[in-house]
Every structure is written in structure tokens, then in C-alpha cells.
Amino acid sequence: MAKSKWKPPKEALIGGMTYTIKTYAESKHLKSGWRRAGYVNFRTQTIHIQRDHPDDMKATLLHEILHVIFRQVEEDIGMDEDLHLNEDLVHAMVRSLRCTFKGNKIKLF
Ligand SMILES: [Zn+2]
């Protein structure tokens, strides 16, 4: 699998909150059989992106940002449902956003 040359920014301002962005090697979680392309630690406000995962790191970053946004939306409107934990919803949003931006020739990054 080819490594992406693109590097994510060191931090991202998401809904007024600063999240640190860190990358990690695949080997970090291999022992646990855990093969996520990325994850968010909401307590430390850190987004972790796997460097050598076959998924595009930009798509993974967008995916993790959406987890953060959905959590912020839940808090903003006092929603009981855990939207930010709904992987299908996050995947659908990433697909839809990428399609929309691509279809309108708007560069996402
Ligand atoms: Zn996810």
C-alpha cells in the first residue's frame, strides 16, 4: 500500500475548539487486532490518523472531524442521541461532502 505524501495539519479549529492532530503507525495497535484508520480522543481533544492505512488520510481526517462536529451538534441542541457514534452516518456524510465538493470543483484541502 502506498503511503500518502499529504500530511495533515498539526491542529484543526472545529466549531471553535482546537483539536490536536497526530498520526500513528499501523503497528501501534496491531497487537490488539485493532485496525482503525483513525479515532478521536474527546477528552484530550486529539484526532489520531493512521499514516499507513489504505484509506486516504484526508478522508480519514474529514471522517474524524465529522465525529467531533456531530458531538458538538448534540451538545448545542441538547440531543440525547449519540450521533457522533453512528459510523454509518459519518461514512454517509463523508461520501456526500466529497461528492458535493468534487462535483462543484471546490477543493476540500
Ligand atoms: Zn468513525
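Q: What makes two strands count as a pair?
A: Two strands pair if DSSP finds at least two bridges between them. Keep that cut-off in mind as we look at this predicted model.

Q: How do you know that β2 and β4 pair, and in which sense, parallel or antiparallel?
A: There are five bridges between β2 and β4, and the cut-off is at least two, so the two strands pair. Their sense is parallel. One place to look is Lys 22, whose bridge partner in β4 is His 48.

Q: Which other strands meet the cut-off for pairing?
A: β1 and strand β2 (residues 17-24) run antiparallel and are joined by four bridges. Here Glu 11 faces Thr 20 in β2. β3 and β4 also have four bridges, again in the antiparallel sense, and Val 40 has Ile 47 as its bridge partner in β4. The hairpin of β3 and β4 has four residues between the strands, and Gln 45 in this hairpin takes a positive phi near 50°.

Q: Why is the pairing of this sheet called mixed?
A: The open sheet has four strands in the order β1-β2-β4-β3, and its pairing is mixed. Both senses occur, because β2 and β4 are parallel, whereas β3 and β4 are antiparallel. In general, strands of a sheet pair through backbone hydrogen bonds, either parallel or antiparallel.

Q: What makes β1 and β3 stand at the edges?
A: β1 (11-14) and β3 (38-41) each have a single partner strand, so each has one side without a neighbour in the sheet. From one strand to the next, the twist averages 25°.

Q: Why is β4 called mostly covered?
A: Four of the five residues of β4 are buried. Buried here means that 20 or more other C-beta atoms lie within 10 Å of a residue's own.

Q: Which residues make up the largest nonpolar core?
A: Ten residues do: Tyr 19, Val 40, Ile 47, Ile 49, Met 57, Leu 61, Ile 65, Leu 66, Phe 70 and Val 90. β4 (46-50) and α2 (57-77) each supply at least two of them, and the largest share, five residues, comes from α2. Beyond its neighbours within four places in sequence, Leu 61 is in contact with Pro 8, Ile 47 and Ile 49. As a general point, nonpolar side chains tend to be buried together in soluble globular proteins.

Q: How do you know that the span of α2 agrees with what is expected?
A: At 1.5 Å a residue, 21 residues should span 30 Å, and the end C-alpha atoms of α2 are 30 Å apart, so the two agree. The buried residues of α2, among them Thr 60, His 63 and Glu 64, pack against β1, β3, β4 and α3. Gly 78 follows α2 and has a positive phi, near 65°.

Q: Why does α3 lie largely in the open?
A: Of the 17 residues of α3, the number buried is one, so this helix lies largely in the open. α3 reaches 24 Å from its first C-alpha to its last, close to the 24 Å expected. Just after α3, Lys 105 takes a positive phi of about 55°.

Q: Why is Leu 89 called partly exposed?
A: Leu 89 has 14 other C-beta atoms within 10 Å. Buried needs 20 or more and exposed needs 12 or fewer, so with 14 Leu 89 falls in between and is partly exposed. Leu 89 is found in helix α3 (residues 87-103). Its C-alpha is 9.5 Å from that of His 67, though Leu 89 and His 67 are 22 residues apart in sequence.

Technical notes: Residues are numbered from 1 along each chain as its sequence is written. This is a predicted model: local features need pLDDT of at least 70, side-chain atom pairs count only at pLDDT 80 or more; totals for chains, interfaces and linings use all residues. A nonpolar core is a set of buried Ala, Val, Leu, Ile, Met, Phe, Trp, Tyr and Cys residues joined through C-beta atoms within 7 Å. Two residues are in contact if their C-beta atoms, placed from the backbone, lie within 7 Å. Axes are lines fitted to C-alpha atoms, for helices over the stretch in contact, and angles run from 0 to 180 degrees between N-to-C directions. The expected span of a helix is 1.5 Å times one less than its number of residues.
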